[in-house]
Amino acid sequence: MPTVPFQDPGATRLSAIERSDGIGRIVIEADRLDSTNRRLVETGRTGAPHGTVLIARDQTAGRGKGERGWFSTPDGSLCLSVLVRTGRGLREAAQLPLLAAVALREAILAATGVEAGVKWPNDLLAGGRKICGILAEAACDGDGDLDFAVIGMGINLAIPDAGFPAELRDRAVSLATLAGRPVDRGAFVEALCAAFDRWVRLWERQGLSAFAATWTDHALHLGRVVRLDDGDEEICATLIGLAGDGALRIRDAAGTVRDIHSGEIHSGEIGTAPPVAPIPPHLHKTHMGAFS
């Protein structure tokens with residue numbers, strides 16, 4: 001069995017559970033970390049194998065999109081990162097946040113019965129409120145090629161409505177609230193590892209086509225006119241679907257079809273347009289860059 005060097009003297013509990021192979025072959029759980037993504041990138045640099053999963057019961061410096069903070073509580077949140085080593089390149093690895101959303105949605109349905117929708121580029125929502133966020137990062141070797149990717153997921157597992165800050169209560173919700181019952185943390189992690197492993201194996205063989213249709217089936221705002229901020233400007237656009245590389249294909253107000261590699265859909269649809277669909281973000285070729 002592979003071993004993973006992981007030191008955290010500040011953790012009051014640290015365990016490693018080994019499986020045969022694939023996602024979840026090694027699961028490391030710590031009581032308290034600053035960021036599971038940051039710590040798993042560090043561990044990946046030491047040679048941690050594909051499929052290593054790092055979980056923190058409490059995360060003190062979790063990040064969302066664009067360096068925003070991520071709210072979590074020790075008993076109500078699941079903060080988890082997955083290390084993926086792939087034969088696919090840096091540009092294709094930018095599709096991993098989409099894959100993670102598909103796997104997360106599958107695990108949520110299996111473990112809780114809750115039907116979630118995917119909001120491009122990296123959120124899962126139910127009833128218009130966020131239940132999960134995804135942040136993927138890439139670590140490159142000295143030649144600038146992909147070494148490995150780390151996909152972080154923050155799940156609102158059991159936070160009661162009153163447990164969210166006032167500014168989040170109408171925008172976030174937990175799986176336990178939606179399901180109307182407690183959610184078993186261990187069973188959920190098992191379901192997520194199984195789903196993630198299955199989709200990664202398919203993606204390795206088939207690329208984006210392995211999961212694009214499934215992602216599109218559950219994507220929010222398809223065929224809708226929304227406000228989209230691509231980092232340079234905010235525009236009203238119709239979401240058409242996924243481009244061949246996983247970018248978001250849109251039609252702007254002038255009728256021009258464009259592919260967007262990063263950005264954000266703001267809440268509130270503008271209207272309806274002829275049927276179409278969405279995408280993921282792009283990855284900049286840096287020593288360690290966010291898929292965003």
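A charge is taken to sit over a ring when NZ of Lys or CZ of Arg is within 6 Å of the ring centre and within 35 degrees of the ring normal. In this predicted model, R198 meets that description, lying over the face of W199 at 4.8 Å from the ring centre. Another such contact involves R88, whose charged end sits over the ring of W203, 5.8 Å from its centre. Pairs of aromatic rings, by contrast, number 0 in the structure.

**Strand β4 and its neighbours**

Strand β4 covers residues 77–84, and 8 of its 8 residues are buried, so the strand is largely enclosed by the rest of the structure. In a regular strand, side chains alternate between the two faces of the sheet. In β4 both faces are covered: one side carries S77, C79, S81 and L83, the other L78, L80, V82 and V84, and all of these are buried.

β4 pairs with strand β3 (residues 52–59) in the antiparallel sense, over 4 bridges. Within this pairing, A56 stands opposite C79 of β4. β4 is also joined to strand β8 (residues 146–156), again antiparallel, by 8 bridges. Here S81 stands opposite G152 in β8.

**Helix α1**

Helix α1 spans residues 36–45, and 7 of its 10 residues are buried, so the helix is largely enclosed by the rest of the structure. The buried residues are T36, N37, R39, L40, V41, T43 and G44. After the helix comes G47, with a positive phi near 105°. R39 also belongs to a network of salt bridges that links D34, R38, R39 and E42.

**Salt bridges**

Side chains of opposite charge can pair when their charged atoms come close. The structure holds 18 salt bridges; the table gives three of them, with the N to O distance.

| Pair | N to O distance |
|---|---|
| D147 and R45 | 3.9 Å |
| D147 and R85 | 3.1 Å |
| R258 and D252 | 3.5 Å |

D147 takes part in a salt bridge with R45. That pair links distant parts of the chain, as D147 is in strand β8 and R45 in helix α1, 102 residues apart. D147 also forms a salt bridge with R85. This pair too links distant parts of the chain, with D147 in β8 and R85 in the loop between β4 and α2 (90–93), 62 residues apart.

How accessible are these side-chain partners? Buried means under 20% relative accessible area and exposed over 50%, with partly exposed in between. D147 has 29% relative accessibility and therefore counts as partly exposed. R45, with a relative accessible area of 35%, is partly exposed, and R85 at 25% relative accessibility also counts as partly exposed.

**The β11–β12 hairpin**

Strand β11 (residues 248–252) and strand β12 (residues 257–260) pair in the antiparallel sense over 4 bridges. L248 stands opposite I260 in β12. The two strands form a hairpin with 4 residues between them, and G255 in the turn has a positive phi of about 90°.

The side chains of R258 and D252 meet in a salt bridge. Is D252 buried or partly exposed? At 16% relative accessibility, D252 falls under the 20% limit and so counts as buried. R258, with a relative accessible area of 23%, is partly exposed.

Technical notes
Residues numbered from 1 in each chain as written. Predicted model: local features only at pLDDT ≥ 70, side-chain atom pairs only at ≥ 80, totals over all residues. Heavy atoms only, no water. Buried < 20%, exposed > 50% of the residue type's maximum accessible area, 1.4 Å probe, protein only. Pairing = 2+ DSSP bridges. Phe/Tyr/Trp six-rings, centres within 6.5 Å; stacked < 30°, edge-to-face > 60°. Salt bridge = Lys/Arg side-chain N within 4 Å of Asp/Glu carboxyl O.
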